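Thanks for making the time; I will talk through one structure, beginning with its pocket and then turning to its sheets.

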Amino acid sequence: MRILIILFTCTLFSCGEIRSFRSIPMGWKNISSSFDELPDGIRIYKGRNKQIPLNAWYVIIDSKNPHLNTDIVVSNDDDGRETPSQFAERLNANVVVNGGYFLMHKNPTEHVGLLKDNDVIISHTLRSMLKREKRYYLTRSALGFDKTGQMDIAWIASHNDSILEWKEPAKNKPDKPVTELNYEKGKYWDMSDALQAGPIIVSNGRKNVTAVEEVFFWSKIPDIHPRTAVGYTKEGENIFLVVDGRQPDSRGVDLNELAILMFDLDCEEAINLDGGGSSALVVNGKLLNRPAGFSTQREVISAIAVFSE
């Protein structure tokens, strides 16, 4: 009987946890004044929703500011991993947020999908995926910066020696894979820095979670987790968002809720990056959030960093 009661209680708790909210007011507050010598063009905000509950932080970077540069950075450690704080210290970066997915059991670790740094491809695009004995061909999303430093987010795939982007993702569905891509509909994606992650959560100024099309089904990615997302607005501002999770005062968000948060921040395009224990945001050497409820940071293979001249 005691076991049944415990199971019933756990079931009720789980049911409460998987409720997905359609509105997430955060009461954002500008905390930029808490950081000494914060460069012009960078603003920091903290928000909380007591109902869910949720803690989150985001950084706004003015991409038009000539004294700020934003780049994708890659670990140079022997194991291929560094914490965001280590990235910030080594590179003297003002802002660092964690980047793409990677294989934790590999040493040195390996990035999942495209990773490109200063026009050098470190890891190639994720071309296809085998799930339940069926192969799905992908246009999985990526974040990139061109030679002028402008951000772009796109559904991509490689063809011969080129990386192409599509206006919409390949229409994969569970048990109904896309078995080939129409490369004639692809357009050359000219980015000097890029990393593949996904899924896209905002496109063309609208909430648009393409987790199914990008073949994230039958995985834990769409569930409630700590999160990292990056996007940009029509006004030329880049947004880095981190949401805490797996702790009593911040449960984390699912992909639809993450889309709501980025849409509410006026993002024109936005992408989900690696989350869970990897989610970390560092400003002027200070870790803002508590990754998966702790003050320690997970080592990651890639990150996005902002530098001031």
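The largest pocket in this predicted model holds about 440 Å³ of space. By pocket I mean, on a 1 Å grid over the protein atoms alone, an open set of points where a 1.4 Å probe fits, with protein on both sides within 12 Å along at least five of seven lines, and lining residues have an atom within 4 Å of a point; the volume is the space filled by probe spheres set on the points, which are joined across faces, edges and corners.

The lining has 25 residues, and Tyr 101, Phe 102, Ile 221, Asp 274 and Gly 275 lie nearest the centre. The elements giving two or more residues to that lining are β6 (102–103) and β10 (128–131), where a strand is a DSSP run of E with at least two residues, numbered from the N terminus.

Turning to the sheets, one open sheet has eight strands in the order β1-β2-β3-β20-β19-β21-β17-β18, with antiparallel pairing, and two strands count as paired if DSSP finds at least two bridges between them. Since β1 (29–30) and β18 (206–207) stand at the edges with a single partner strand each, one side of each is left without a neighbour in the sheet. Within this sheet, β3 (residues 54–62) pairs with β20 (residues 237–243) over seven bridges, and Asp 62 has Glu 237 in β20 as its bridge partner.

Another open sheet has five strands, ordered β4-β24-β5-β22-β23 and antiparallel.

Residues are numbered from 1 along each chain as its sequence is written. Local features need pLDDT of at least 70 and side-chain atom pairs 80 or more, while totals for chains, interfaces and linings use all residues, and side-chain values use heavy atoms, leaving out hydrogens and water.

Conventions: Helices (H or I, at least four residues) and strands (E, at least two) are DSSP runs, numbered from the N terminus.
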